[in-house]
Structures are given as C-alpha cells and as structure tokens.
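Trainee: Please take a close look at the aromatic side chains for me. Then show me how they sit alongside the packing of the rest.

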Amino acid sequence: MNYPSHLSHPVTFLFLSILLFHFHSPSTNQHNITLIDDQTSPSNGEDRGSHSDGGISQTRYIVRFREYKKAKDHKKMLEKNLKDGGWKWIERNNPAADFPTDFGLVFVEDSVKSQLVEELGKLGFVKDVSTESVYSRNLLFDGRYQGGADYHVYEVQKQPGKMFTSMSQEDDYSNVFSNFTLNWKRKLLLHRSQVTSMFGAEKLWAKGYKGGKVKMAIFDTGIRANHPHFRNIKERTNWTNEDTLNDNLGHGTFVAGVIAGQDTECLGFAPDTEIYAFRVFTDAQVSYTSWFLDAFNYAIATGIDVLNLSIGGPDYLDLPFVEKVWELTANNIIMVSAIGNDGPLYGTLNNPADQSDVIGVGGIDYDDHIASFSSRGMSTWELPHGYGRVKPDIVAYGRDIMGSKISTGCKSLSGTSVASPVVAGVVCLLVSVIPEEDRRVILNPASMKQALVEGAAKLSGPHMFEQGAGRLDLLESYEILKNYQPRASIFPSTLDYTDCPYSWPFCRQPLYARAMPVIFNATILNGMGVTGYVESPPTWHPSDEVGNLLSIHFSYSDVIWPWTGFLSLHMQVKEEGASFSGIIEGNVTIIIYSPSVGGERNPLERGERNSHKKSTCVLQLKLKVIPTPPRWRRVLWDQYHSIKYPPGYIPRDSLDVRNDILDWHGDHPHTNFHVMFNMLRGAGYYVEILGSPLTCFDASRYGTLLMVDLEDEYFPEEREKLREDVLVRGLGLAVFGEWYNVDTMVKMRFFDDNTRSWWTPVTGGANIPAMNELLKPFGIAFGDRILNGDFSIDGEQSHYASGTNIVRFPAGGFVHSFRIQDNSESGATQNVLQGSGMVKMESSILGLVEAGVGRISVYGDSNCLDSSHMVTNCYWLLRKILDFTSRKIKDPVLFSNSVKLASAMEKEETQLPSRRTDVNFSMYSSVVDKELVCRNDAPFEVWGTKGYAFQITGRNRRLPGYVGLDSADGIDSNTIISGFGKRFRKLEEPETPSDGDLGSIKDDGIQGVMVDVSNASFPNLRKMDFLGLLNKDEIDIPILVPAALALTEELTVHECLILVEPFVLGLPPGLCGLG
C-alpha cells in the first residue's frame, strides 16, 4: 500500500486513535489541574547555545516513539538500549502524565550529541528525534548600533518558545509581540451589533440548540474560575511553566466569551457548550512544542469534540506539531484555527490553519470587506515545485467583536483570532443540532468543513485566496448538516475563468497552447471516513468537442488521510489549439472509497468495493482559451530557484524591516509579487511560472526570463543552457538581485531557546555567489555592498532597500550609478575611519547590454517589486526593462551615451562575494546533491527528463567579449528530448509596435537543426574558431546551431552575416555564400 510521503505510519496512528477513544472522560464536575514544571524558560538575554547543567552543555530533544506507552516505560526502553551516558530523561508532571504518550523529552550533552542522536534514530521503537521545537515562531529584533550614523547591523533577539504571530488587539493597543509593523488604530463603532445576531444564532436557540453536550477545547491563555459569563466551565488545565490556571492577559477569556458567553452585552454562540480551558501560553505569550504535544494528547484522551486555536505561525515544517494536529483530527476532533493577522500581505497563511484537515478562518469587517489584518493565501507548502491550495476556508466577522473581559464586563477586539472563535462557536452550535448518538457517524472534520464551505456566501470583490468559500452562513450550513449523508467532495468545486475577480489569478490570464502547465490545486474532503482511497485516476469530461483541445494531467493523494487529500490539475492546451479562441467547459470526476468502521486496509485490495462507502467528486471547469501570444509578450518567472522559510533561516530582503526578518511569503507572482503580476498583465504581458530547472523550458517561446530574488544554486547544465538561450536563441534575461554579505549574515544571528542553538542566515537576500556563476559567461557580477537610499531616473523617484551593487559589466553596456549609502561592514568601517556620519558612495545598480542575439538587464534590488515591504515600486522600470529584453526597444534615458561603458568593469574573482563554508546548503536546496529532473510543472513532453537537451560542443566555449564556461562536467550529452529541433523557428528581429498595436506582432523564434561538423564537409574547421564555439577544442559530436547557419540557401549573404556577426571570428567557406 502506498501512503503519502507525509504519512509514514498511518495505520499505527489510526490504531492508536481508536484506542484513545476508550479512555474515560473526566467527571462532569469542574476540574482545576495545574503543572509545576521543572523546566525554566530561558531569558531573552541568554547568550549560550545550550542548557548548562553543572558546567556541562546540553541540548533538549523531542524523541517520538512508534507506540503509545506510559512515560516511565519509554524511559526504561531508552535506558535499556542506550548503553552510554550523556543523556537525561526530563520528567513532565502535567495532566497528560496519567495517559500513555508517544514522545519523551531528553537532555543530551553537546559533547556526545551527534553520536547519541544518531544512535537514538536507529532504535526500532523510535520514530524520529528533533530539537525541542524544530522551528521558532515569533521574533523580536533589537537593532544595535554597529558603526557610523544611521548604520545598523541587527543582532536578533528571539522571544522564547515557538514563533507565533500576534494575538488580537484592542483599539489603540500595540502588541509588543506582533510579528509585523502594521498597527491599526480603530475608532470603535458607537452602536455595536451582537455578532451572534449577524448570523441568526437566535433562530437555532429558539429550536433548543445551544451547544449542549459539546466538549469545546480552548487552547489559549486560560480562564479564571467562576467567571460570571460562563455557565459550564468543565475543566481548566495548565501546560506552561507558570504556577497558575488564571488568564492574566484576557485573550483566552475573550475567545471563550465569543464561543460560549452568556452576558447580554457580549453573547456567545453556544452558551451551553462545555468549556475545557487549556492554558498553553504564558503571560508573556510564550509556548513550547512539548506543551502542545502533551495538551493535544490530553485532548484526544478526554474525548474533545471541537478545538479552537486562535493563533498560529509560519513554520509548517515543525513536524512534531503538524503531525500531532493530523492525529487530533484523525481522532474526530474538529479543529478551528485563525489564518493569521499578517495581512494585507499575501502568502502569509499561518499554521495550523493552512492544513487541509483544519478549518482555517479569515477575517472581514461589518461591510463584508476583507479585514486589513487578515492573512491572504495561497498556501506555500507546495512551492516552489507546485501550486498552493485555497485558504482560508471561510471568513467571519473579526473587526470590533465584543467578548468577555478577564473578570467581568465586555470589551472589543479585532483579529482573525477573534474570527476563529466566531466559527468555533458556530461549529459547537451545529454539532448540538445532531443527536448525540449520531454525532460520531455524521460529524467529523470533513463533514463540518463541507457544511461550512458549501453554505458560505461568496462575497463580491475578494478573490478565492482572500475569502476562501466566502462569509460564514450559519443557517445555510445548518440546512446542509441536518440532512447530511456522508460523502466526498472537492473544494473549491468550480474553477471558472469567467468569474473575476473571485477566480483570480486564473481569470486574469487565459490558457493558450505551448505554455507551461497551469496548476490548480484542489482539496478532497472525505466525510465518509478518516481514510479514503482513489478508485482510479481522475477523468476529464469535456462538454463538447472543443474540450478535446485541453490536456489535463493529474496528481493526487494515494491515501486520503486524515479526512482530506489533494487533487492537482496540470492543464495545457494542445498544439492543435494554438489558434483557438473561446471557452472550454466540462468537469473532472474522481471516485473515492472509504472502508467500513473497523477496517483500514485499502478496499480495492480486497475486492470489496460494494461493501464500502463510495462517492463521486465533481470539479466543474470553465476555462478561457486564446491563441498563443507572440514570443515577446511572454515572460517566464523562475520559481524553482527560490528558497523560503521554512526549512531554514532565510532572511528578508530589506534589512530595514526589523520585525519581520524571515522570508516566508512565497516569493511567487501570486503571493507577495501579486501587484507586479497584475501590472504585467495590464501591460499586455503573459506571465508563466517555471517550477523546474532552467533546462525544462523552450527558450524560443519566451521573450524574457525573469529571475527575481533567488536563493538557490544552479546545475552546470542550467548555466550552459541559459548561456546558449541568450547568446544563440535570443532569450531576454532580466535579473533582480538582493544583498549578500557574509559579515552581516553572521551579525544577524539569534539564539533559539527551543533548538538550543544559534540561528544564522543560510544565505543573503539572494544567493549572489550562485547568481554570479550564472552571469559569468556574460561578463556580469554583483558585489557585496548593502545599499540603501533614494535616487531618480528620468523624474521617477525610486528607493533602493538593502540592494547590492554591480562590479562586473562588459564594454558597450549601459550602467547606471548613483550616490547611495553603503550599510555593509566595509562601508561602516570606512565611515568610522572618516570620523563622520554615513557617507554616500557611488555605486552601480542597473546595467543593460545586448548579448549575442539576446539582451540582458540586471538590477541589484527586488524590494521595489515585492508587495510585502515595498517602499516605492519600480514597475515603470520593469516595463522599460521588458521593452528592451523582449522587444529590443531602447529607452533613450536608460540607453544614454553618458552611461555607456567604453571599457569593461572588472573585479578580481577573489574579490567577489563568496559562499559560506559553515552551512550545509543541501538541506535547503533543490539543486545541491539533487538530481536534475523536470517536474510536473514543466511542459508534459519533458516530465521526468533532464529537459530540452543540447549538445556540448567542446570545453571552454567562448564568444568574443564573454568569459568562457567550462562545460566539461555535468552535461549529459546523451539526453536529447524528441522534437527539440522542431521547437525552434527562424529568428526574425522583433518589431517595435506602438502601444496601440501590441497584438499585431507574430511569435517568431529560432529553429534549431542538428549539423554534423565532425566530418570533412568543412575542411578548415580545425583551423578556425567556428562561431567562437570550439575554442580550438576538437569536436566529435553533432552540435545545435541556428537553422540559418545550416539552411543558408534560404538566406541572403547579408541576412546570414547579420545573424552570425556577433559571434564570428572566422567562418567556414561557403557558410554565408562566401567562398
């Protein structure tokens, strides 16, 4: 049986889940349980990389086991199998201690850390070993003066515990733990409406439904005993290292009030709900992974029905936490979580709300507008090799909501952590609608999400990655749920290119032939059971013959667990549809099976299809198709070489943004570059996404390859192909770099008390050493300055935000330099020596040059394209750059003779930025120690291959004026994709139409043919540098050359010379009619 990669032991999880259901629930009397923990939370100022016990340095690890046992039994197993010392079991005296557990905490001495962790991992009963929290959540930054005036290098101080983004805020309240700079000062409504009445809760109350017999777990800051707003506080538990059960912040009490408050001024949705208050945050808003794991286990063991977590963070790779959430939902706990208060930024979904088995909630105001603070999608788990899912699932009112104060009275808060309990209260109310004896059969995380998203009211204006299914509609969801029969479905159930703006970004750009596959990632919701299986591959059913022009490939979950899976559509228009314009309609169907209760084996393996629950899911498609645009209109965005947090400390691009140092927004045209995407579409360009190596696209189809803020390395084959694509095939290249300075990276470290280690950036804002290798054949390189300042080009004001400088550029190119302050370590040193404030230095930041048949532009900063922390945009500059790289239009200001280089800018190789030697970059890279392969986001014809192959024509091939690239290593000259030669057409210089005639240009490119030059057809070949390619190396394989060079009878001598002139040192006799 094949399980998804994220689920290594599903049967074990499910078996343990069933066992845990048999643990008895606590009595109906209220319980107050507190934890006096022997762990002390390190202070922010701690400067050691590990815990010290009697002078011995130690690190704390979570050891996860394959089976649930009492903690003392796990301890005995470790003592029996670990013969050597150097470790210590950490006792956890909390309410979960009476139940079996699947993990333990241990201290490991740093002197034996590597050996002991490896030994632990080899034990058969150990699932895995990780530090206390693999990734942190909330960062605080303290800018410390390190040099001249206005110069800052930031040593980062991290708040203890897991990193969570900000909790909800009161009016005029600035949360010091906020992860972002946005600060909202709101004027409260003079006449506040009860949020319960906005959804019609009183109509269900009148029917007798008030949340009775529903166990609601609130994971927050606790609640005070005997609070007058609550009639049914069943249990309070404390999981922190503070000796109190009380809520001293007010956040947990407020959340409980929205769910179950009975005060007439701030009514909750389900006042009869049984409240189980889990205090998992300290008064300083700190929590640890182990606290959550124990508390989650206790929630499972005590039979919780609904769980609200009103806060989250970006680290979806904290596997102990993420997998425990899966286990929670597998045990039929409906989890509701806030999508995040990191709006209006895109790509800022918080975990666990971004998980498909969790109901992720965004916020709206009373005018049905998406609240400014509400995080926007898409999910970024799938990047860079796929496409994100639609999140949030739904939105609810989250602006100026009334809830309970700590002791008595009501107050107003705003945030998605307020919208989340609105939905959680509705869920409790809906659960109470179902008779108690039927709940375990009908209600589960999938069926509840189906009722919510299918009943939601779609808002006009916001798109799917802002509102999900739409605004919560309690009464519609009630109608769906009261007659619910277990089934599977797809969310979203429709992709309609004519429904704008809801279907953005899909509705913003039609499909066309010869494009990169367009990926749509839907979620399968399986209300029939915690585990499901796909009967057979999904099927595309076109509504008419036109639909046969569409080719769809699918990827999907082999096992749908827990309750959910994914269905990805990879859509391409077939070649015969290159001239088609119109609408393609149809639907995709997929049949889901779920086993009967008590069996978890795949029913298809047992041939018992008819005895198991079965459901057909339908996804409706309505797609707009246009004729293939001309080459110059098409821009290819390199997503493959982007690395984001997590898995590593990838720093933000602008160092001026001191309180959001992690680069975690996806760096995708549909996340934090969404405004740029819309601008390009408005300008008539078509933007396609490349999530595979540079060998996986056909350069003849694109005017420009756009490379922005890239952090990864490059395969040798990629560097060689890009060189050929630009110089020979006429591809335009536009590069936007970022800062890279090793000294600054070292100073940006922070101590993470969870991992008991120092965190240092694994790269800069961009990977400049890798980028310089890629640009080396063109004589271009970036430096290591960190530049900040304002400048103007042709009256356009721009801001340079922690960008880098250009230090190499070929003669004849056009380079723009400005006096901008240098914030790098070397710049600070110079300022100190001069004994003055920050001195502005002349720095080159923009370069443009014709390279062979192609054109290149480089700019040292991407902040002006990034919507997340932009100071000023440079879309005007991007348009002028694309005019040049795609259409050969030279702006008179950018190409002024005053900035033309008479001689090349040079810098010694040893003076260029170098890679860090203390980082294992393979942990984060898609390139280092990886295989070059085209993935399922590349054109179908190259899936699973190395891409559009080209033959190596010799070592150290050089073109006049360009540095050679040693291509002897790494190129597989035997890999030739069929049809490669057919994919290139004869090159014609692009026309330069007026803005009003953008549609009149034809798509032209270069056609390649294979020419055997190893025989005697060119007798003087070995004496000459044929097109500057051979460089006196012998050749014994065919080479790919432009068709014009082989089919010379079609060209005049003048045309042939124009085509090859940039390269030629000497021509074989007769090549261009010369002889």
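Mentor: Start with charges over rings. In this predicted model, Lys458 sits over the face of Tyr502, 4.6 Å from the ring centre. Arg681 does likewise over Tyr686, at 4.4 Å from the ring centre.

Now ring against ring. Searching the whole structure gives 37 aromatic pairs. Take Trp239 and Phe278. Their rings are stacked, with 6.1 Å centre to centre and 10° between the planes. This pair ties distant parts of the chain together, as its members are 39 residues apart. Trp239 belongs to the loop between strand 10 (233–238) and helix 6 (251–260), while Phe278 belongs to strand 11 (residues 274–279). Both Trp239 and Phe278 are buried.

Next, Phe281 and Phe292. Here the geometry is edge-to-face: 6.0 Å centre to centre, 80° between the planes. Phe281 lies in the loop between strand 11 and helix 7 (289–301), and Phe292 lies in helix 7 itself, eleven residues apart. Phe281 counts as buried because its relative accessibility is 1%, against a cut-off of under 20%. Phe292 has a relative accessible area of 0%, so Phe292 is buried as well.

Put these pairs together. Trp239, Phe278, Phe281 and Phe292 belong to one cluster linked by ring pairs. Phe99, Phe219, Phe296, Tyr298 and Phe321 are also in that cluster.

Turn to the nonpolar packing. The largest nonpolar core has 153 residues. Within this core, Val423, Met448, Met571, Leu621 and Leu865 touch the most other members. Helix 9 (residues 416–433) supplies the largest share, twelve residues. Look at Leu865. Beyond its neighbours within four places in sequence, Leu865 contacts a set of residues with aromatic members, including Phe673, Phe736 and Tyr875. Others on that list are Asn672, Met676, Val708, Met870, Cys874 and Leu878.

A second, separate core has 54 residues, among them Trp739 and Phe782. Leu722 and Leu727 are members too, and both are among the buried residues of helix 16. So follow helix 16. It covers residues 716–727 and spans 17 Å from first C-alpha to last, close to the expected 16 Å. Eleven of its twelve residues are buried, which means that the rest of the structure largely encloses helix 16. The buried set is not just nonpolar: Glu717, Arg719, Lys721 and Asp725 are among its members. Those buried residues pack against strand 30 (704–708), strand 31 (732–736), helix 18 (768–775), strand 39 (840–851) and strand 40 (854–859).

Definitions and conventions:
Residues are numbered from 1 along each chain as its sequence is written. This is a predicted model: local features need pLDDT of at least 70, side-chain atom pairs count only at pLDDT 80 or more; totals for chains, interfaces and linings use all residues. Side-chain values use heavy atoms; hydrogens and water are left out. Helices (H or I, at least four residues) and strands (E, at least two) are DSSP runs, numbered from the N terminus. The expected span of a helix is 1.5 Å times one less than its number of residues. Buried means under 20% relative accessible area, exposed over 50%, partly exposed in between (1.4 Å probe, protein chains only). Contact means heavy atoms within 4.5 Å. Rings of Phe, Tyr and Trp (its six-membered ring) pair if their centres lie within 6.5 Å; planes under 30 degrees apart count as stacked, over 60 as edge-to-face and the rest as tilted. A charge sits over a ring if NZ of Lys or CZ of Arg is within 6 Å of the ring centre and within 35 degrees of the ring normal. A nonpolar core is a set of buried Ala, Val, Leu, Ile, Met, Phe, Trp, Tyr and Cys residues joined through side-chain atoms within 4.5 Å.
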